[in-house]
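Subject: Structure for you to look at

Dear colleague,

I am passing on the structure we talked about, and I would be glad if you could open it beside this message. My notes follow below it.

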Amino acid sequence: MAFTTLLFDLTDGIARVTVNRPDKLNALNAAVIAELDGAVTRIGTDPAVRGVILTGAGPKAFVAGADIGEIVGQGALAGRARSLAGQAMMRRLERCGKPVIAAVNGFALGGGCELAMACTIRLAVETAKFGQPEVTIGIIPGYGGTQRLPRLVGKGRALQLILSADMIDAQEAYRIGLVNEIVAKDNLIPRAEAILNKINANAPTAVKLAIEAANRGLDVSLADGLNIEASLFTQCFATEDRKEGVAAFREKRKPNFKGQ
């Protein structure tokens, strides 16, 4: 798939996906949503992709929100279609089975904050800003913000951010658990690569199943989540990677995992 709003590069098992609309602060329009969906499909089905770095082009924004120009004049049915398309893409990103790091290089507002929250891990530069300002234009977050934000930072903090439309800096985002790490601007991509390289040294199937266990467990009770974990734990025992991992441990050597 050829992209017009994204840059896609695959090197050494790491896919680097860049939302490439710097003149619009990388705002999410219908074309970006559709192309991100195509990129996620490739990521999930290409065995050469072991991990993903998602970022925004230019010095100012990761993704500064939805493209307001597209929203103006839309009716309820078009609004619902927009919400469902964005939700579906981000759900697929969240469940692609590969670790996805949001490298937040600037503003992550509205749909940009929601996109970052759909990633496995979030890194932010010191100047990054986060927020869900939708109520200021008479709508609510529509790409999962009302659901993922409470799961990450707790209901009270999430509702305060959503209802006040406050914008917070990277330090506050780190303090409340919205981001994993704050890094220097020049170290943002190298740090993301280092994390992915460490993850990619482990068994691919185990990484995929661990992500699945955590994601599915958030939607059910603790008892049901433990059953999901036990089932996926059992699946690991049928893999060649489990045999290789145990053998390598016994032989005091590095494992040679093949994702089987």
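At what angle do α1 and helix α3 pack, and how far apart are their axes? Before answering, please keep in mind that this is a predicted model. In it, α1 and α3, the latter made of residues 76-94, pack at an angle of about 25°, and their axes lie 9 Å apart. Because angles under 35 degrees count as roughly parallel, α1 is described as roughly parallel to α3. The crossing of these two helices, α1 and α3, is left-handed.

If you would like to find the contact itself, look in α1 for Ile33, Leu36, Asp37 and Val40, which meet Ala85, Gly86, Met89, Arg92 and Leu93 in α3. Sorted by kind, the residues of this contact between α1 and α3 comprise 6 nonpolar, 1 polar and 2 charged.

Two loop residues also deserve a look. Asp12, which is not a glycine, has a positive phi of about 55°, and its place is in the loop between β1 (6-11) and β2 (14-19). Asn26, likewise a residue other than glycine, has a positive phi near 60°, and it is found in the loop between β2 and α1 (30-45).

Which of the two words, buried or exposed, fits Asp12, and which fits Asn26? Asp12 counts as exposed because its relative accessibility is 71%, whereas Asn26, with a relative accessible area of 0%, is buried.

With best wishes

Note on methods:
Residues numbered from 1 in each chain as written. Predicted model: local features only at pLDDT ≥ 70, side-chain atom pairs only at ≥ 80, totals over all residues. Heavy atoms only, no water. Helix = DSSP H or I, 4+ residues; strand = E, 2+ residues; numbered from the N terminus. Buried < 20%, exposed > 50% of the residue type's maximum accessible area, 1.4 Å probe, protein only. Axes fitted to C-alpha atoms, helices over the stretch in contact; angles between N-to-C directions. Parallel < 35°, antiparallel > 145°, perpendicular 65-115°, else oblique. Left-handed = near helix turned anticlockwise from the far one by under 90°. Contact = heavy atoms within 4.5 Å. Nonpolar A, V, L, I, M, F, W, Y, C, P; charged D, E, K, R; others polar.
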